[in-house]
Amino acid sequence: MNIVSLENISKNYGFKPLFENVTLGLEDRDKIGIIGANGSGKSTLLKIIAGVEVPDTGGRVTRAKGQTLAYLSQNPPYDAELTVLETIFASSSGVMQTIRDYEAVCHEVADGKSDAATLQRMSDLQHDLEINGGWDIEANARSVLTKLDITDTSAKMGALSGGQRKRVALAHELIFKPDILILDEPTNHLDADTIEWLEKYLARYTGMLLLVTHDRYFLDRVTDRIFEVDRITVQNFSGNYAYYLDKKAEQEELWAVEGHKRDQLIKKELAWLRRGAKARTRKSKHRIEAAHNLMAIPKEQAKGEVDIAIGSKRLGSKVVEINSISKSYGPNKLIDDFTYLLKRNDRIGVIGANGSGKTTLLDMITGRIAPDSGEIDIGQTVHIGYYDQESRALNDEQRVIDYIRDVAEYVTTNEGVQITAGKMLERFLFEPAAQYAVIGNLSGGERRRLYLLRILMGSPNVLLLDEPTNDLDIPTLIALEEYLDDFAGALIVVSHDRYFLDRTIENVFRFEPGGHVREFAGDYTAYLEAIARDEPRVSSPHVGKGNEISNDAPSIQITDKPKPKKLTFKETRELGSSNKASLPPKPACPRSTKNQPPPQATQGKFTSFSPSSNA
């Protein structure tokens, strides 16, 4: 049954139409993924369906009566003065308000405010939750908050990092359990374990799901329909991402054959016309008109693809030497006595929980921050390109072309050819007209693509990529992966995108509590297999100099191995396990039952969360 219908939906921003006359039906148990190039209109389509934006004149969106809807934007708005608890349970729903009041009174009891009025208030709220079925929602809330690592609901929203605020907003939508759930880049700022949990949670979700994500494993395992926004149309593919890839390949082949046939027919008709065909008969006149109409039809345009063909500078034998570095923020030790000798062809993926020190390591390598102890020695021939997750070098007031010219007016491609900054922008899908727009007017994905070009324009030979997949579209990620295949330098990438890691790395560094770093040989899939067997490739908590590991335990020598064979998408999409996520322990604030006396003072549930930066 259709619960959302789109009829003749169009959206145009100035000279740039995003999509025209889109008509679609969305059914009650659909799980739909929306894909397309940055700036194609994916987020705009979500906003129109959610009712945040309105389509152009003539189109309309209808939703079945009584259907509740929740929408998570890429950058959710928030009130800095509200607590996490108030934000998570903010809703016009009476049940949600009751749960919020119940959680608040639990905190009062935990803080020692256990007077008779407070305990009676708790008892009354428990009774209300019994009557309106709120305990099921409360149990779901416990599970969601625990899995998203939201443990102190008294923290102010203004004190949280951007990633933590995104988690709070995601928790609000999941706890609400709407009939229609719309998520824009829900995996941004989540670590790999949390993404895997969210994957399973949404696979069990019984309402209609609509999402935009760059995570191809996530997209393949969660969705059963794909909408592709491409060339002002929205195509519907009735299957997951792997199904879409198969059908899209067939479609591209068919278009190529049809385009070839059309070209041959036009040549034939031109030859006939040039022989002096005269419109003396009805048949001849009709053929002349048909020939002119055929030639007037615009030829199918090939879809634009990012072309990353930039060379890199020569790299000497000495790259980066990291000698016994440590870094702490107060009592929080992020890196403890870390040593590693980076080699010119290293391909390292860095993983770990948010705030564990991954970005801190990159910042120390680039000199943005200094280690508390130890030193980092950079080789003389090293040219570092640091693609940070905040795009710090972007200037919203600057024009696109000027932003790139600040780095270089000309760039040398990997074929040794010099091209202008403007031509390089065209290869990154910025048409001449768009090159004179200010950066502040670009979409989130276009900004990240522009920032990537600026980093690569410097022809680096050591690349540090911090969450490169956030907000980049799938075609750009594919182009970046292919560029890295032939990159003649060292690569360190911090990412939670499992597909991207499988495509680009040969070693995994995992950041663990206490500042320890463990190394695993192979890509991300090999790392998971090692963890599953409980036989990590490297058993030391510290990475030693070069390939040698040394600590109190017997040393382990890692021998060079050939690069693991890359798996196909079909071979790797079954990677995830099917185990269900378990609920956290029963809440300290008890459920009430009939004839139960008012509860005694107990410890509150969510009390250990301490906001910190996404180091």
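Student: Why can strand β17 (residues 462–466) be described as largely enclosed by the rest of the structure?

Tutor: A residue is called buried when its relative accessible area is under 20%, exposed when over 50%, and partly exposed in between, with a 1.4 Å probe and protein chains only. In β17, five of the five residues are buried, so the strand is largely enclosed by the rest of the structure. This is a predicted model, in which local features need pLDDT of at least 70 and side-chain atom pairs count only at pLDDT 80 or more, while totals for chains, interfaces and linings use all residues. Residues are numbered from 1 along each chain as its sequence is written, and side-chain values use heavy atoms, with hydrogens and water left out.

Student: Which residues of β17 point one way, and which the other way?

Tutor: In a regular strand, side chains alternate between the two faces of the sheet. Here V462, L464 and D466 point one way, L463 and L465 point the other way, and all are buried. The element names refer to DSSP runs numbered from the N terminus: helices are H or I runs of at least four residues, and strands are E runs of at least two.

Student: In which sense does strand β14 (residues 384–387) pair with β17, parallel or antiparallel?

Tutor: Strands of a sheet pair through backbone hydrogen bonds, either parallel or antiparallel. Two strands are taken to pair if DSSP finds at least two bridges between them. β14 and β17 pair in the parallel sense over four bridges; Y386 has L464 as its bridge partner, and G385 stands opposite L463. β17 also runs parallel to strand β18 (residues 490–494), to which five bridges join it, with D466 opposite V494.

Student: Through which helix does the chain cross from β17 to β18, and is the crossover right-handed or left-handed?

Tutor: A crossover is right-handed if, with the strands pointing away from the viewer, the path from the first strand over the helix to the second runs clockwise. The chain leaves β17, passes through helix α15 (residues 474–485) and reaches β18 in a right-handed β-α-β crossover.

Student: What is the strand order of the open sheet that holds β14, β17 and β18?

Tutor: The sheet has six strands in the order β14-β17-β18-β12-β19-β20, with mixed pairing. Its edge strands, β14 and β20 (516–521), each pair on one side only. Neighbouring strands are turned by 15 degrees against each other on average, direction ignored.

Student: Which strands does helix α11 (residues 358–365) lie across?

Tutor: Packing is read from contacts, that is, heavy atoms within 4.5 Å. Directions come from axes fitted to C-alpha atoms, for helices over the stretch in contact, with angles from 0 to 180 degrees between N-to-C directions. α11 lies across β12 (347–351), β14, β17, β18 and β19 (507–512), and runs at about 150 degrees to β17. The helix is mostly covered, since eight of its eight residues are buried; among them are K358 and D363. Just after α11, G367 takes a positive phi of about 85 degrees.

Student: What is the strand order of the open sheet that contains β5 and β6?

Tutor: This open sheet of six strands follows the order β5-β6-β7-β3-β8-β9, with mixed pairing. β5 (69–72) and β9 (233–237) stand at the edges with a single partner strand each, so one side of each is left without a neighbour in the sheet. β5 pairs with strand β6 (residues 180–184) in the parallel sense over four bridges, and L69 has I180 as its bridge partner. Helix α6 packs on this sheet, touching β5 and β6, and its direction makes about 165 degrees with that of β5.

Student: Which residues touch the most other members of the largest nonpolar core?

Tutor: A nonpolar core is a set of buried Ala, Val, Leu, Ile, Met, Phe, Trp, Tyr and Cys residues joined through side-chain atoms within 4.5 Å. The largest has 52 residues, of which I88, L174, I175 and L202 touch the most other members. Helix α3 (residues 94–110) gives the most to this core, with seven residues. A second, separate core of 47 residues includes I351, L450, L453 and A530.

Student: Is E446 buried or exposed?

Tutor: E446 has 13% relative accessibility and therefore counts as buried. E446 lies in helix α14 (residues 444–457). Apart from neighbours within four places in sequence, E446 is in contact with K16, N38, G39 and F430.
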